[in-house]
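Reader: I am new to reading models like this one. Please take me through it feature by feature.

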Amino acid sequence: MSEPLDPAPTLASLSPGLRALVWGASGGIGGAFVAALGANPRVGKVMAASRSAAAPWTFDLENEASIAAVAKAAAADGPLDLVLVATGVLLPNPEKSWRHLDPQVMSRAYAVNAIGPALIAKHTLGLLRRDAKTVFACISARVGSIEDNRLGGWHAYRASKAALDMLVRNLAIELRQRNPHAVCVALHPGTVDTALSRPFQSAVDPARLQSPTDSARRMLATLDALGPGDTGKLWAYDGALIPF
Ligand SMILES: NC(=O)c1ccc[n+]([C@@H]2O[C@H](COP(=O)([O-])OP(=O)(O)OC[C@H]3O[C@@H](n4cnc5c(N)ncnc54)[C@H](OP(=O)(O)O)[C@@H]3O)[C@@H](O)[C@H]2O)c1
C-alpha cells in the first residue's frame, strides 16, 4: 500500500476531543474515514456504523428503527461534532438508455442513496452540538450534478444523487436556524478505488484513481476549511465547488 499523498488533516476548526459518527464504515471510503479519524489526536471518539458492525452500531438504510437506535447510542455520552454518511449503491449495469429504465432499480437507488441519508439526518441533526462548528456531510457524486451533466446515462444513480443534493440543501437551511456555525454539505470523493467503482475502473485514467485513504483525507481537509457560508452545497474532495 502506497503512502498517502497529503498530510493528515488537522480538523482544527472542530472542537477538541470531537465526537465523530461514520455511517457505512464497512465501505472503502467509510473505512478510510474511520482510520483517518482514529489516527487524529483532535478526535475524542469515532463511532463506526455499518450493516456488518456489532451492536449497537449495526444499521440498514432501509430500516429506520435501526438508524434511530445507532443515533441514540452515538449520543448517549454527549453531543456529536461530525457526522459522515459514506453509504451508497451503484447497481449493476447502469442504464445507457431510457429503454433500460427499471422501476425496481430506481426504487433501490432512491432508497439507499437519497431516502436512507435523509433518515440518518432525521435522527442525527438534532444530536449535533449547538455552540460550535459542526459538520454533517453526505457522500454524493459529481454525476449527480444537473449542471455538470453532459454525458447522460446512469439514470437511476444520477437522479438519486441529485435528490440527495436537494435534501442536503434543504437540511442545511433548516440546520442553520439551530446552529449558525453548522456545515451541512454533499461531497464528491473523486474516482476512488473501492468495490463500487471497480467494475468501471478500466475506463478510468489510472492517474485519476485515488486510494480511499487519499480521498478520505482530502475530504476531511475540505470539511475542515468550510465555514457557515459554504453550507448546503456540493464540494469536491479537493475543495472545488461543483454546481448543483
Ligand atoms: N468509489 C467511487 O469512485 C465513488 C465516486 C463517486 C461517489 N462515490 C460515493 O461514495 C460513497 C461510498 O462508496 P464507496 O466507493 O466507498 O463504495 P463501497 O465500498 O461499495 O461502500 C458502500 C457502503 O454503503 C453501504 N451500504 C449500501 N447499502 C446499504 C444499506 N442498505 N444499509 C447500510 N449500508 C449500506 C455498504 O455496506 P455493506 O458493506 O454492508 O454493503 C458500504 O459500507 C457512495 O455514496 C458512492 O456513491 C464513490
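Reader: Which elements each supply at least two residues of the shell around the ligand?

Author: First, the ground rules. This is a predicted model, where local features need pLDDT of at least 70, side-chain atom pairs count only at pLDDT 80 or more, and totals for chains, interfaces and linings use all residues. Residues are numbered from 1 along each chain as its sequence is written, and side-chain values use heavy atoms, with hydrogens and water left out. Helices (H or I, at least four residues) and strands (E, at least two) are DSSP runs, numbered from the N terminus. Here the elements are α1 (28-38), α4 (155-178) and β6 (191-192).

Reader: Which residues come nearest to the ligand?

Author: A residue is near a molecule if one of its heavy atoms lies within 4 Å of it. The ligand has 25 residues around it, and Ser26, Thr87, Tyr157, Lys161 and Thr194 come nearest.

Reader: What polar contacts does the ligand have?

Author: A polar contact is a pair of N or O atoms within 3.5 Å; within protein, one must be able to donate a hydrogen and the other to accept it, and residues adjacent in sequence count only if both atoms are side-chain atoms. A polar backbone atom of Gly28 is 2.8 Å from a ligand oxygen. For a ligand nitrogen, an N or O atom in the side chain of Asp60 is 3.1 Å away. Another contact joins a ligand oxygen and a backbone N or O atom of Gly88, at 3.2 Å. Accessible areas come from the Shrake-Rupley method with a 1.4 Å probe; for residues, only the protein chains shown count as cover. Alone, the ligand exposes 890 Å², and the protein buries 87% of that.

Reader: How many salt bridges are there?

Author: Side chains of opposite charge can pair when their charged atoms come close. The rule asks for a side-chain nitrogen of Lys or Arg within 4 Å of a carboxyl oxygen of Asp or Glu. The count comes to 9 salt bridges. One of them pairs Arg19 with Asp77, with the closest N and O atoms 2.9 Å apart. Arg19 lies in strand β1 (residues 18-23) and Asp77 in the loop between α2 (64-74) and β3 (82-85), so this pair ties together parts 58 residues apart in sequence.

Reader: Which peptide bond is cis?

Author: Look at omega. The bond from Ala55 to Pro56 is cis, with omega near 10°. Pro56 sits in the loop between β2 (43-49) and α2.

Reader: What is phi of Leu11?

Author: Phi of Leu11 is near 60°, a positive value in a residue other than glycine. Leu11 is in the segment before β1.
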